[in-house]
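Biologist: Could you take me through one part of this model up close? I'd like to see how the nonpolar interior is put together and what packs around it.

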Amino acid sequence: MSTGILGAAGYLPPRVVGNDQVGAWVGQEPSWILERTGVVERHYAADDVSTSDIACLAVEKLYEGCQEKRASVGAVILGTSTPDHNFPSTAAIVQGRMGLGRAFAFDLSAACSGYVFSFVMAHSLLCADPSLDEVLVIGSDTISKVLYKPDRKTVTVFGDGAAATRVGRVPDGYGLLAHSLITDGCNADFVGQPAGGSRRPLDAETVDSRERYMVMNGRPVREYFEDVVPKLVHEVAEQAGVSLDQIDHFVFHQANPQMLADCIETMGLDPAKCPVPGVYSGNTGSASIPLVLSQLEAKRGDLVMMAAIGSGMTAGAAVLRWY
């Protein structure tokens with residue numbers, strides 16, 4: 001059975017935060033930020049807007065002109081690192097607000113790899129349950145809520161966004177051809193949020209010590225990206241029985257546009273096949289890949305490669321033939 005993407009839509013909050021503002025926060029010139037990150041601007045959700053709010057806006061956009069397809073949703077998977085609450089799941093909130101009947105819903109935590117993991121999970125669910133018609137797969141993050149403004153390792157790169165996709169059955173020969181998912185838990189301390197869970201609950205001490213904010217060890221993350229992503233790309237292409245030259249579109253996680261551009265050059269890929277919209281949105285976490293998909297000008301039959309890394313450390317790649 002083949003599983004593919006039947007539709008995609010993205011949403012970016014209206015507030016735009018440029019390098020002038022970020023430069024003031026971190027004490028650097030805007031040119032310094034651009035040179036090191038490749039990011040020109042990023043979008044922030046308003047103070048009273050949550051991860052589920054922007055996820056719902058992406059879902060509404062997804063079903064514009066095809067409201068009848070909502071009835072086909074049997075499951076909702078939402079990838080996020082910034083849920084509305086530790087519990088209930090943000091997916092459950094979206095399922096309820098969107099009126100998705102009895103569709104079961106759950107969050108998936110694989111950070112910036114969340115969409116690739118969620119897409120493969122949707123494929124597995126569809127293969128396991130013939131009664132399931134479609135799975136709504138969402139990536140949504142409001143990372144601005146956990147950024148410490150003077151921290152130039154994080155605030156220069158990250159932004160907020162959401163994207164939703166319809167995942168369902170497609171004719172043989174289309175859809176998912178190969179995938180690989182990995183986790184290197186020994187490197188779990190590369191990126192994370194120290195407080196807010198059972199290990200370090202939020203209290204006066206952790207708030208005062210700024211442990212509720214995201215922290216990132218930039219150099220090991222870059223080295224992990226540069227080591228793992230090319231290996232995964234070659235591995236999954238080989239599994240799919242295609243060469244990299246045959247891939248029509250490379251949909252990479254927009255971790256850091258400058259780092260991504262360097263990696264694209266190192267791998268010898270055609271930049272025209274590798275869109276980098278993260279220049280104008282920053283790193284939107286689990287929304288990063290589906291946001292690119294929502295803008296992709298792919299034709300039926302095109303080969304599409306997705307690849308990402310995320311906190312954990314997690315990584316995933318997949319090849320599909322566009323339907």
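Modeller: Here's a walk through the interior, followed by a few single residues.

Ground rules before we start: this is a predicted model, where local features need pLDDT of at least 70, side-chain atom pairs count only at pLDDT 80 or more, and totals for chains, interfaces and linings use all residues. Residues are numbered from 1 along each chain as its sequence is written, and side-chain values use heavy atoms, with hydrogens and water left out.

Let's begin with the core. By nonpolar core I mean a set of buried Ala, Val, Leu, Ile, Met, Phe, Trp, Tyr and Cys residues joined through side-chain atoms within 4.5 Å. Buried is under 20% relative accessible area, exposed is over 50%, and partly exposed is in between (1.4 Å probe, protein chains only). The largest such core has 47 residues, and the members that touch the most others are Phe225, Val233, Phe250, Phe252, Leu269, Met305 and Ile309. Two or more residues each come from helix 1, helix 2, helix 8 (218–240), strand 11 (249–252), helix 9, strand 12 (303–310) and strand 13 (314–321). Helices (H or I, at least four residues) and strands (E, at least two) are DSSP runs, numbered from the N terminus. Helix 8 gives the largest share of this core, 9 residues. In general, nonpolar side chains tend to be buried together in soluble globular proteins.

Now zoom in on Phe225. Leaving out residues up to four places away in sequence, Phe225 touches Pro230, His253, Ala255, Met259, Leu260, Cys263 and Ile309, where contact means heavy atoms within 4.5 Å. Apart from that core lies another, of 29 residues, which includes Tyr115, Phe117, Leu293 and Met306.

Strand 11 is covered on both faces: His249 and Val251 are buried on one side, Phe250 and Phe252 on the other. That fits the general pattern, in which side chains of a regular strand alternate between the two faces of the sheet. Strand 11 runs parallel to strand 12, joined by 4 bridges; strands count as paired if DSSP finds at least two bridges between them. Within that pairing, Val251 has Met306 of strand 12 as its bridge partner.

On to the two helices by the N terminus, which both contribute to the 47-residue core. In helix 1, the buried residues are Asn19, Val22, Gly23 and Val26. Viewed down the axis of helix 1, they fall within an arc of 105°, so they line one face; the arc is that of the directions from the helix axis to the C-beta atoms. Asp20 and Ala24 are exposed on the face turned away from that buried side. The cover over the buried residues of helix 1 includes strand 2 (15–18), helix 2, strand 3 and helix 6. Just past the end of helix 1, Gly27 has a positive phi of about 70°.

Helix 2 (residues 30–37) has Trp32, Ile33 and Thr37 buried. Its buried residues sit within an arc of 100° when seen down the axis, so they too line one face of the helix. Ser31 and Glu35 are exposed on the face turned away from the buried side of helix 2. Covering its buried residues are, among others, helix 1 (19–26), strand 3 (41–44), helix 6 (152–155) and helix 9 (257–267). After helix 2 comes Gly38, with a positive phi near 80°.

Next, a residue in strand 7 (residues 160–170): Thr165. Thr165 counts as buried, at 0% relative accessibility. Its side chain makes a polar contact with the side chain of Tyr115 at 2.8 Å. A polar contact is a pair of N or O atoms within 3.5 Å; within protein, one must be able to donate a hydrogen and the other to accept it, and residues adjacent in sequence count only if both atoms are side-chain atoms. Beyond four places in sequence, the residues Thr165 touches include Ile5, Leu62, Val137 and Pro290.

Last, the cysteines. There are 0 disulfides in the structure, a disulfide being a pair of cysteine sulfur atoms within 2.5 Å. Cys66 is in none, and its nearest cysteine sulfur, that of Cys56, is 16 Å away. Cys66 is buried, with a relative accessible area of 14%. Cys274 is in no disulfide either, with the sulfur of Cys263 nearest at 9.5 Å. Cys274 is buried too, at 4% relative accessible area.
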